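This report covers a sheet, the helices on it, one histidine and the internal cavities. The structure is shown first.

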Amino acid sequence: MFKLLHKVLFAGLVCALLAPAAAAFAAPKVGFLSGTTSQNEEEYRVATEMVEKYGADRVIHLTYPDMFMNEQETTIQQILNMATDPEVKAIFLNQAVPGCVAGIQKVKEFRPDIFFISNNAHEDPLLMASVNDIVLDADHPVRGEMAIPLAAKMGAKTYFHYSFPRHMSRPLNVERVGRIQRECEKYGITFVSVNAPDPTGDAGVAGTQQFMIEDIPRQVAKYGNDSVFFGTNVSMMEPMIRSAVNAKAMVIDLCDPSPYLGYPGALGISIPSEKRGDVAFALDAIQTKLNEAGVTGRFATPAVPYTLGVSRAAVEYCFDVAEGRIKGYDRAHMESLIRKNLGQDTQIRTYNEETGNFLLTAGEYYLFDKK
């Protein structure tokens, strides 16, 4: 009896002594906050891809609520939930919806060591740059400016910009529309601004989509089909493309740069599991459907899926920090990962001189003009 008790006590002592050492060598984790499939399927899918790549024990994936404007406390709590795990060393917020600034600030009170990267920041850019280690976003102003010469080449006479007050309170969106208007004037294209329902409002996503379905045919009837349509929200993309195809109008740009956004759903394209991430396959499939619809040369897309690429780059950077390969913000390393995942010709600039850690990216457009 005494020998058995001695063995139990000895085993317990060994476990107690080894526990801190085991914890010290535990594999570090990365948190990933994304939207759900109803808000942005691409960001949700890339989050699950990261879980599959690194393991569910290494990537903690949580989602922010669909009605994030009214449920900011839930977003804050989700960030706190990830940060309470002592093995989480870095967190990627994609999208950084309202509530993320407060969430980061609360985390910093008890975990100042956690490294934060935010993508698609909804809150004030200078504030986001101050609380995050790195902020990433598509360069919406430059992309908007780049789209207009292509629109002119395609024969566009009118450019329609669909948005709502919440989105137009964001500085990058304001700068984009200003550049679009200036370029439209330069190329003799009529610019038309349309106020659409906010998908986070009472009518929800369905209300926004129904508005797009009903309004685009009205605008084509009034202005003609040499009209380009653009919207600032993900939920607008599929009905916008479908309506523009039916009206034989034009679409050049998407609110989030990616050929996977809107086109597959609007055109009835199913991407086989073995072809996921195969951009060339997606572009060819879209081209075939547009040819069949008789709208060859009237549609374009950002050539590389931004959300997929930048998320892969951000998570890799997070693990580089978590595992000690990088200390803090290394702009050259971040840019190298962005170009690795978005293409070597990707344009990268900072938001302004005060925000060296806020990087904006822009890539080329792909015109569906192949027969």
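The sections below describe a predicted model, element by element.

## The open sheet

Seven strands make up an open sheet with mixed pairing, and their order is S2-S1-S3-S4-S5-S11-S10. The edges are taken by strand S2 (59-63) and strand S10 (347-350); each has a single partner strand, so one side of each has no neighbour in the sheet. On average, neighbouring strands here are turned by 20° against each other, direction ignored.

At the S10 edge, the pairing is with strand S11 (residues 358-362): the two strands run antiparallel and are joined by four bridges. One residue pair can be named, as Gln347 has Ala362 in S11 for its bridge partner.

## Helices on the sheet

Helix H6 (residues 140-153) packs on the sheet, where it touches strand S5 (134-138), S10 and S11. The direction of H6 makes about 135° with that of S10.

Helix H12 (residues 306-322) also packs on the sheet. The strands touched by H12 are strand S1 (29-34), S2, strand S3 (88-96), strand S4 (115-121), S5 and S11. Relative to the direction of S3, that of H12 makes an angle of about 160°.

## His161 in strand S6

Strand S6 (residues 158-163) contains His161. Is His161 buried or exposed? With a relative accessible area of 2%, His161 falls under the 20% cut-off and is therefore buried.

Leaving aside residues up to four places away in sequence, His161 touches Met168, Val177, Phe191, Val192, Ser193, Val194, Phe230 and Thr232. Thr232 appears again in the next section, among the residues that lie nearest the centre of the largest cavity.

## Cavities

How many cavities of 30 Å³ or more does a search of the whole structure find? The search finds four.

The largest cavity holds about 190 Å³ of space. Its lining consists of 17 residues, and those nearest the centre are Gln95, Asn120, His167, Arg170 and Thr232. By class, the lining of the largest cavity has nine polar, four nonpolar and four charged residues.

The second largest cavity has a volume of about 130 Å³. Of the 13 residues that line this cavity, Pro257, Val304, Tyr306, Ala362 and Gly363 lie nearest its centre. Ala362 is also the bridge partner of Gln347. The lining of the second largest cavity divides into eight nonpolar, three polar and two charged residues.

Notes:
Residues are numbered from 1 along each chain as its sequence is written. This is a predicted model: local features need pLDDT of at least 70, side-chain atom pairs count only at pLDDT 80 or more; totals for chains, interfaces and linings use all residues. Side-chain values use heavy atoms; hydrogens and water are left out. On a 1 Å grid over the protein atoms alone, a cavity is a set of points where a 1.4 Å probe fits but cannot get out, and a pocket is an open set with protein on both sides within 12 Å along at least five of seven lines; lining residues have an atom within 4 Å of a point. Grid points are joined across faces, edges and corners, and a volume is the space filled by probe spheres set on the points. Ala, Val, Leu, Ile, Met, Phe, Trp, Tyr, Cys and Pro count as nonpolar, Asp, Glu, Lys and Arg as charged, and the others, Gly among them, as polar. Two strands pair if DSSP finds at least two bridges between them. Axes are lines fitted to C-alpha atoms, for helices over the stretch in contact, and angles run from 0 to 180 degrees between N-to-C directions. Contact means heavy atoms within 4.5 Å. Buried means under 20% relative accessible area, exposed over 50%, partly exposed in between (1.4 Å probe, protein chains only).
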